[in-house]
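Reader: Hey, I'm new to this one. Can you walk me through it?

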Amino acid sequence: MKLFSISSQQNWRTYSFYQKIRTQTYRTKPTRTRFPRNDSVSEPLLRRILPLGDPNKSIVPELDKWIEEGNSAKKWEIHGAINKLMTTRRFRHALEVSLWMTNTKRLPIAPFDIGVRLKLILKNFGMEQAESYFYKIPENLRTYQVYLALLNCYAVAKSVDKAESIMQKARDLGYASKPIWYNLMMNLYCQVANKEKLAAMLIEMEEKGIPYDHFTYSVCLSACVMAYDADGMDKVVRIMETNSMGMVHWRTWCIAAKGYLRIGSGDEAMEITKKLEKQLKETSNNYVFFVFLINLYAEAGKKDELFRVWKIYKQKGKVVNKVYISMMRSLLKFDDIEGMEKIIEEWESGALHFDFRVPNFLIDAYCTDGHLEKAEALLTKVTSRGGNPNVLTWCHLAGGYLRKNQVPEAARCLRKAIAVCPRYFMSQKDYLITCSKHLEKEGDGMEKAVELIKRIRMKGISKKAFSDEFPSLTEDGELQSCGENQISESILVSEDDEFVDDQEEFCSRVIDKQM
């Protein structure tokens with residue numbers, strides 16, 4: 001394989017590494033596939049590789065077959081395919097395509113390709129292998145893109161000393177002239193709670209005339225929230241206000257409002273939220289904007305405002321499930337079962353896809369209040385219309401039955417939860433099995449089962465859901481990304497373009513999408 005234009009001996013070593021990657025690919029745990037919205041890659045190639053979602057199987061044979069059938073693959077097209085695989089979090093397949101590009105297609109490798117490959121090696125094999133790969137890169141190919149990708153790797157791994165070393169190298173080479181470098185470092189300092197060094201980065205940006213961008217503001221706001229620093233929040237907001245509301249992205253203002261709520265400054269939060277609403281006319285039916293507004297008013301305890309925004313959104317056209325989910329979650333905070341029942345009626349009358357995440361909130365409320373008959377009736381009704389109960393549905397019911405000491409019914413629901421647990425949540429399936437075993441015991445075992453199911457219902461099923469008590473059963477959390485489509489540099493530091501419902505998670509993820 002032609003990884004670099006270097007000696008054949010080195011190429012043979014690289015090929016061995018490629019074989020190792022392919023071997024390890026077959027042992028990989030499956031990951032969730034999410035399809036992005038904006039497709040710009042050649043459809044024939046996409047149609048061939050996107051349906052192959054099982055990372056336990058290599059896609060190289062299909063790529064070879066595609067070429068054998070007389071198709072051609074230009075480098076820009078392969079880059080697009082790699083990017084699509086990355087946005088759908090199929091990192092091992094993306095690495096396979098990257099290696100295939102230089103091995104089978106014999107296309108020359110550029111610094112950008114190396115930077116992307118560096119990130120993919122980190123995702124697949126960890127920091128040690130990523131570093132090993134970097135040290136084998138010829139000096140003439142260690143350019144801006146490669147150092148940026150390496151800095152992102154160290155930031156994800158929270159390796160402060162090594163990240164600082166690379167940042168200094170970037171300064172020496174004249175690369176650190178854009179906000180993206182400082183944003184990565186500031187996000188790292190925010191994660192490790194080093195407020196002094198974060199402030200030093202801001203001062204350096206000012207001294208060098210490097211402008212703040214949306215992500216700079218977001219990291220600063222997140223840092224202030226973590227430190228409960230109201231004065232710091234005020235200072236960042238004043239700087240943002242020197243630009244017009246149109247110059248600072250509305251999501252950044254949402255982070256500011258959310259931050260004020262978290263530190264107890266409700267008046268400031270509502271002032272920003274009201275300003276945000278002035279952009280409603282410009283957002284058309286952008287559901288993401290409305291989800292943020294709904295969440296903000298719910299957290300502020302403004303139920304009337306919540307329904308007002310909901311009414312505005314319904315007037316703009318069809319309501320998507322994610323807005324229903326946000327509304328149901330908000331009403332659950334108010335313990336408004338009657339309001340949730342009305343929302344469910346509206347959802348049932350117009351839904352094209354009966355996503356059980358919507359009725360799960362009402363099922364949760366019914367089970368909490370002991371109305372198991374209503375919960376079962378709603379389950380039956382939505383299932384009859386094509387909905388598929390998920391893990392959380394059955395966990396809510398299991399918790400409800402345990403409250404009434406109906407252990408056999410709780411065990412039945414828990415078995416159902418285990419049966420529908422997705423493959424990419426195998427660690428959570430083990431966790432559910434542990435709960436089931438506790439149900440077979442008496443005394444402390446029963447109490448433990450109740451507590452574990454309560455945790456599941458409160459947190460939901462996610463990679464980080466059980467990290468506090470069962471860290472061995474979860475994967476290490478890493479920085480995620482969100483935001484609009486960006487230019488190619490962003491691929492080196494971003495992972496996906498999926499909207500994040502929870503704004504706190506957005507605060508921690510926003511830095512990963514740059515430029």
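Author: Sure. Keep in mind that this is a predicted model. A spot to begin with: Lys274, Glu277, Glu305 and Arg308 are joined in a network of salt bridges.

Reader: How many salt bridges are there by this rule?

Author: The count is 23 salt bridges. One of them pairs Lys75 with Asp113, whose closest N and O atoms sit 2.9 Å apart. That pair ties together distant parts of the chain, since Lys75 is in helix α4 (residues 75-87) and Asp113 is in helix α6 (residues 111-125), 38 residues apart.

Reader: Is Asp113 buried or exposed?

Author: Asp113 is buried, because its relative accessible area is 4%, under the 20% cut-off. Lys75 comes in at 22%, so it counts as partly exposed.

Reader: Okay, what about Lys197, which side chain does it meet in a salt bridge?

Author: Lys197 meets Glu164, at 2.7 Å from N to O. This pair also links distant parts of the chain: Lys197 belongs to helix α11 (residues 195-207) and Glu164 to helix α9 (residues 160-173), with their positions 33 residues apart. Lys197 is partly exposed, at 33% relative accessible area.

Reader: And where do Glu409 and Arg412 sit?

Author: Both are in helix α24 (residues 407-420), three residues apart, so about one helical turn separates them. Their salt bridge has its closest N and O atoms 2.9 Å apart. Glu409 is partly exposed at 29% relative accessibility, and Arg412 is partly exposed at 26%.

Reader: Why would residues three places apart point the same way?

Author: An α-helix has 3.6 residues a turn, so residues three or four places apart point the same way.

Reader: Switching topic: which residues of α18 are buried?

Author: Leu306, Val309, Trp310 and Tyr313. Looking down the axis of α18, these buried residues fall within an arc of 105°, so they line one face of the helix.

Reader: What's on the face turned away from the buried side of α18?

Author: The exposed residues Asp304 and Lys311 are carried there.

Reader: And what covers the buried residues of α18?

Author: The cover includes α15 (266-277), α17 (287-299), α19 (321-333) and α20 (337-350).

Reader: Last one: how far apart are the end C-alpha atoms of α18?

Author: They are 17 Å apart. Helix α18 has 12 residues (303-314), so at 1.5 Å a residue it should span 16 Å, and the two values agree.

Definitions and conventions:
Residues are numbered from 1 along each chain as its sequence is written. This is a predicted model: local features need pLDDT of at least 70, side-chain atom pairs count only at pLDDT 80 or more; totals for chains, interfaces and linings use all residues. Side-chain values use heavy atoms; hydrogens and water are left out. Helices (H or I, at least four residues) and strands (E, at least two) are DSSP runs, numbered from the N terminus. The expected span of a helix is 1.5 Å times one less than its number of residues. Buried means under 20% relative accessible area, exposed over 50%, partly exposed in between (1.4 Å probe, protein chains only). The arc is that of the directions from the helix axis to the C-beta atoms. Contact means heavy atoms within 4.5 Å. A salt bridge is a side-chain nitrogen of Lys or Arg within 4 Å of a carboxyl oxygen of Asp or Glu.
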